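Biologist: Before I accept the terms used for the ligand sites, I would like to see each one set against its definition.

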Amino acid sequence: MAEEIKNVPRHVAIILDGNGRWAKQRNLPRTMGHKAGADNVETISDVCIAMGIRYLTVYAFSTENWKRSEDEVSYLMGLMRWYLKNYLDTALRKGIRMRVIGDRSGLDPEMVEEIRRDEELTAHLTNLELTFAINYGGRDEIVRAVKDLAEDIRKGEILPEDITEEQISRRLDTRELPDPDLMIRTSGEERLSNFLLWQLAYSEFCFTDKYWPDFSEEDLRAAVDSYSRRERRFGGRKQA
Ligand code: IPE
Ligand code: IPE
Ligand code: MG
């Protein structure tokens, strides 16, 4: 049963950053930081359910993260595949719908099959809609949407003058999700690193110095508390 919290964000998006520095601080290999980071996703998902947050989207691997060493990339891919396979039981038990956004054509076919299975088997669940951004880049997502739109124009199904924001939104990977209300980035970095460029247009931002594996229930509650006291104007102005 979710708690009664005033002004809880419907959709929270998190840039999970600082796994490497968390490990370094402990003289551990970076891979251990990634493992601790993956474990923390489950912890924070539970807190979201308790607080009544309906959507959680986590940035796990960007289109730019391929630039890392071959060892790190292959560890991360293996970890995500393992996670997507193992988390299914937990998701079914806790009523969590799973989704993945990003360019699947760049992923291992076995991982794509795992994603398809997770999405299909959890499609009816509504306690939390948990989305993993994997091989995701905001610019790449917009390019893919624009290509799709251009194709429809070529086929004569839509005229250039009929293009609206809605025509673009519904071609993005996030078409089934509301825009995030709150975006959190851990580890002290204050940039988007190509995350949800279109969708974060009017989201509230919250930055914390905590490394992702250390980001706790208290930290999420503090971010939500800060969010709940903000006034969102969306370009308008409050009537006196
Ligand atoms: C975030 O942690 C996880 C991914 C980007 C995959 P990092 O690996 O970026 O950790 P830092 O920023 O080097 O500490
Ligand atoms: C952003 O973190 C991507 C993810 C968290 C998946 P990075 O660590 O890759 O971002 P930069 O390179 O510091 O901008
Ligand atoms: Mg980083």
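Biologist: What makes the space taken by ligand 2 a pocket?

Modeller: A pocket is an open set of points on a 1 Å grid over the protein atoms alone, where a 1.4 Å probe fits, with protein on both sides within 12 Å along at least five of seven lines. The space taken by ligand 2 is the largest pocket. Ligand 1 also sits in the largest pocket, and "sits" means that more than half of a molecule's atoms lie within 2 Å of the grid points.

Modeller: This is a predicted model, where local features need pLDDT of at least 70, side-chain atom pairs count only at pLDDT 80 or more, and totals for chains, interfaces and linings use all residues. Residues are numbered from 1 along each chain as its sequence is written, ligands are numbered from 1 in the order in which they are written, and side-chain values use heavy atoms, without hydrogens and water.

Biologist: Why is the approach of R191 to ligand 2 called a polar contact?

Modeller: A polar contact is a pair of N or O atoms within 3.5 Å. A side-chain N or O atom of R191 is 2.8 Å from an oxygen atom of ligand 2, so the pair qualifies. N65 qualifies at 2.9 Å, and D17 at 3.2 Å.

Biologist: Which contacts of ligand 1 with D17 and R30 meet that definition?

Modeller: A polar side-chain atom of D17 lies 2.9 Å from an oxygen atom of ligand 1, and a side-chain N or O atom of R30 is also 2.9 Å from an oxygen atom of ligand 1. Both therefore count.

Terms used
Polar contact = N/O pair within 3.5 Å; in protein donor to acceptor, adjacent residues only side chain to side chain. 1 Å grid on protein atoms, 1.4 Å probe; cavity = no way out; pocket = protein on both sides within 12 Å on 5 of 7 lines; lining within 4 Å.
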